[in-house]
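User: Please take a close look at one part of this model. I would like a connected account in plain words.

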Amino acid sequence: MGRKWAEYLPDSRKLDVENVCKTESTSNNLVLCIHGPAGIGKSTLARHLSDKFRSAGRLAGFAFLGAFSTQMLGPEAIVKMIAREIGSIHPRAIPKIVEAMDQCHSTSLENHLQKYILEPLRSLSNPQPLIIIIDAMDEWQDHAAFIEALALLNSESHVVKFIITDRLNPCASHLPGIEKVSIYTYALGPMSKESIKSYFEKHLATVRWVAGRKASPADIEKLTELSGGLPVWASTVIALLSYRFSESPPHEILAEIVGSRRQVGGPDELGELYGKALRRLFPSSNAQSLQARKYFRWYVGTTLVLQETLSLSDFSTLAGIPPHLTTIIQFTLSALQTRSPPPGSEKMIHPATLLFHPSFLDYVQSTTAENSFAISTFDSHLALGLTCLKQLASLPPLHSSLHHNFPLRAIQRYAVKHWPYHVSNGTTRSTYQWSQTEHCLTLQAISPGTQQQWAILFCESLMPAGPGNGPGWRMAQGRAVWYQL
């Protein structure tokens, strides 16, 4: 995935950078965790540190876990991704990485860390430990298992060290196994007023103002005060003022923002700004506008729980949104995107976590009385799980004449692989309540032969063909899954 990387303002984090570098040079701790709330600038700092350590020959690898969906990636897959970074930056480590590929199949996470990371870096005989930077650790569902496994490397901080970023202090939040890891935590505070002001002065000059009605020095002072030192607040303001398809001219949007009395940093944080933005992008002035808000909730709700990137037509089918409205909503929400898809996939529909800042996703899932855009992920899973089950009904039975030559479409592959996840997260655990759901009735209406077909396809999606798991083996596993169902 690409990213609209927020620029690092020169010297805006000078003291933080000095503190981090000093800690890395004097401490024997394996892990340095930089933590702070969403929007404080952790990713921008991590990127700057990556450039700094790389120019000094100290970087082993940089991974931004918010740049792709990690729902289906286990810890071992992330270790391999880091190893690829190590091999790219340090080609002399590649032979050891190749050895790991032969030695780590179906082995423990600890063995993966040993073979894919420690031994390749040890083979470099570097005079100083090389540093692996992992950004957005909390956006990865398996981060707890990964951090706990790092305890294996406590005594190897002279070979490798880790810098991770997280919204929470892992020690204060009592992450399982954290007491076994040699870790130092660093709380990242808001940016200075001077840095935020410099950011506004630079980027407000690029806004296409109407009739010369641009931001005044007083506006800049007020924006700086309102930001509370959160860079994401400042960048969102600039994005809203720069959105060329807004019905309101930039000076009117600016007047509404500076008219706020609430400073960022309170309980609502960025919520007020996001609320203003969404009310402008999706007004409620008439019945048509209210309909647009309904489809906004369906669109964002579906992308919040979506597990893979889909074509526009497949997404529209699963979400129940007409394709032309999907395109309109996608384009409108681009004003709030902080991450960008890779070239060529702009018309695809991506999981929300790949495009939007975590603070925005937190806002649309909040259920405060003021939030008229609140979205229930439970309801989104419920709806998507049902449409996935309906896709299963289009599969041919296992022993039909169509079975061997049936071309599986992308939407069917998604349904085959992910309906259990959506249904389990969108229905209750009560046996009686489950039996009354449309999901249960739909599943019961699918013929046993089609259910067997699904089970085999499901196993194939998780375990592609390879040594020891040919078609006969996967068919046997599929039948076992079907009997459990």
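User: How many residues of β2 are buried, and how does β2 fit into its sheet?

Analyst: This is a predicted model, where local features need pLDDT of at least 70, side-chain atom pairs count only at pLDDT 80 or more, and totals for chains, interfaces and linings use all residues. Residues are numbered from 1 along each chain as its sequence is written, and side-chain values use heavy atoms, without hydrogens and water.

Start with the burial. In β2, 6 of its 6 residues are buried (buried means under 20% relative accessible area, with a 1.4 Å probe and protein chains only). Strands here are DSSP runs of E with at least two residues, helices are runs of H or I with at least four, and both are numbered from the N terminus.

Now the sheet. It is open, with 5 strands in the order β2-β3-β4-β1-β5 and parallel pairing (two strands pair if DSSP finds at least two bridges between them). β2 (59–64) and β5 (183–187) stand at the edges with a single partner strand each, so one side of each has no neighbour in the sheet. Neighbouring strands are turned by 15 degrees against each other on average, direction ignored.

The partner of β2 is β3. They run parallel and share 5 bridges. Glycine 61 stands opposite isoleucine 132 in β3.

Two helices also touch β2. Helix α2 (residues 42–55) lies across β1, β2, β3 and β4, at about 160 degrees to β3. Helix α5 (residues 109–122) touches β2, β3 and β4, at about 150 degrees to β3. Contact means heavy atoms within 4.5 Å. Angles run from 0 to 180 degrees between N-to-C directions, using axes fitted to C-alpha atoms, for helices over the stretch in contact.

Note on methods
Buried < 20%, exposed > 50% of the residue type's maximum accessible area, 1.4 Å probe, protein only.
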